[in-house]
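Please consider the following model with its backbone and its packing in mind. The explanation below proceeds from the loops to the sheet and then to the cores.

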Amino acid sequence: MADKGHFLFDGAPTPFVAGQTIIQAAAAAGHYIPHLCYRPEFPPHGSCKLCSVKANGKFTSACFEPVTESMKVESETPEIQGYRKRVVQMLFAEGNHYCPFCQQSGNCQLQAVAYYLGMEDTHYAHQYPRRELDASHPDTMIDHDRCILCELCVRASRDVDHKEVFGVSGRGIHARLVVNSATGLLGDSRFSASDVAAQVCPVGAIVPKRAAFAVPIGQRRYDHHDIGESGDASPSATSPE
């Protein structure tokens, strides 16, 4: 196998290096593929399905699928973008996401992707689940209303922080983020605000206390530019906001 090659990304010849996945090669070439559970420093998880593309005519997850020579990848077609919009609409309907009142507004990938996809409503009936707020930790709180079960915090705590603070319990609509402590509360766990797991949430589920407006609304990451043009849609887990 050649070390380098080219594939077609929405009809445009795009270089790749052997071993790259579609999302890695696309990002290296400046092409944005919407995603929420993917970050380049972690192994792919494939839970959000937003990065779905068509590769040689078949649907696949861009975070998992390796690129091959002359592969034809479709990403920005009306069919695929429509599918992605429905996925985002379901995430909004299944949780309690109130962007104007959320301290993560402007820094939230879910919100930014919704704008990118042109989402104007949630389409589906809202479920309004009853979920608790865990404010037991002195520096960080968990708002389960906003959790989208991307498991980035689970992977970061397990693979980088080596603490295994977070996990997911249950299936389907009953799945929820849980904390590994005797009481199930974050304040009784080994979690620290300096953990990488504290920095990776793409929404507003795990947020620092006393920092809601340290950066004013209007001056936040996605207030300045569209997520597809930002170049930092998946910033390093250790990079500052």
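Helices and strands are taken here as DSSP runs, of at least four residues for a helix (H or I) and at least two for a strand (E), numbered from the N terminus. The model is a predicted one. On this basis, Tyr128 is placed in the loop between α3 and β6 (133-134).

The backbone at Tyr128 deserves attention. Most residues other than glycine have a negative phi. Tyr128, although not a glycine, has a positive phi of about 45°. The side of the question that concerns solvent is also settled: Tyr128 is exposed, with a relative accessible area of 53%, and the threshold for that term is over 50%.

A second residue invites the corresponding description. Lys49 lies in the loop that connects α1 (22-28) and β3 (52-55). Its phi is near 65°, again a positive value in a residue other than glycine. Lys49 is partly exposed, and its relative accessible area is 38%.

The loop that holds Lys49 leads to β3, and with this strand the discussion turns to the sheet. Five strands form an open sheet in the order β2-β1-β5-β3-β4, and their pairing is mixed. Its edges are β2 (12-17) and β4 (58-61), each of which pairs on one side only. Neighbouring strands are turned against each other by 40° on average, direction ignored. Within this sheet, β3 and β4 run antiparallel and are joined by four bridges. Ser52 has Ser61, in β4, as its bridge partner. The helix α2 lies across β3, β4 and β5 (72-74), and runs at about 155° to β3.

Which elements give two or more residues to the largest nonpolar core? That core has 41 residues, of which Leu36, Val88, Leu110, Val113, Phe166 and Phe191 touch the most other members. The contributing elements are α2 (78-94), α3 (109-116), α4 (152-159) and β9 (176-179). The helix that lies across β3, β4 and β5 is thus one of the elements that supply this core.

Phe191 shows the packing at the level of a single residue. Leaving aside residues up to four places away in sequence, Phe191 touches His137, Thr140, Lys163, Val165, Phe166, Leu186, Ala197, Ala198 and Ile206. One of these contacts, Phe166, is also among the core residues that touch the most other members.

A second core, separate from the one just described, has 17 residues, including Ala26, Tyr38, Val53 and Ala55.

Notes:
Residues are numbered from 1 along each chain as its sequence is written. This is a predicted model: local features need pLDDT of at least 70, side-chain atom pairs count only at pLDDT 80 or more; totals for chains, interfaces and linings use all residues. Side-chain values use heavy atoms; hydrogens and water are left out. A nonpolar core is a set of buried Ala, Val, Leu, Ile, Met, Phe, Trp, Tyr and Cys residues joined through side-chain atoms within 4.5 Å. Buried means under 20% relative accessible area, exposed over 50%, partly exposed in between (1.4 Å probe, protein chains only). Contact means heavy atoms within 4.5 Å. Two strands pair if DSSP finds at least two bridges between them. Axes are lines fitted to C-alpha atoms, for helices over the stretch in contact, and angles run from 0 to 180 degrees between N-to-C directions.
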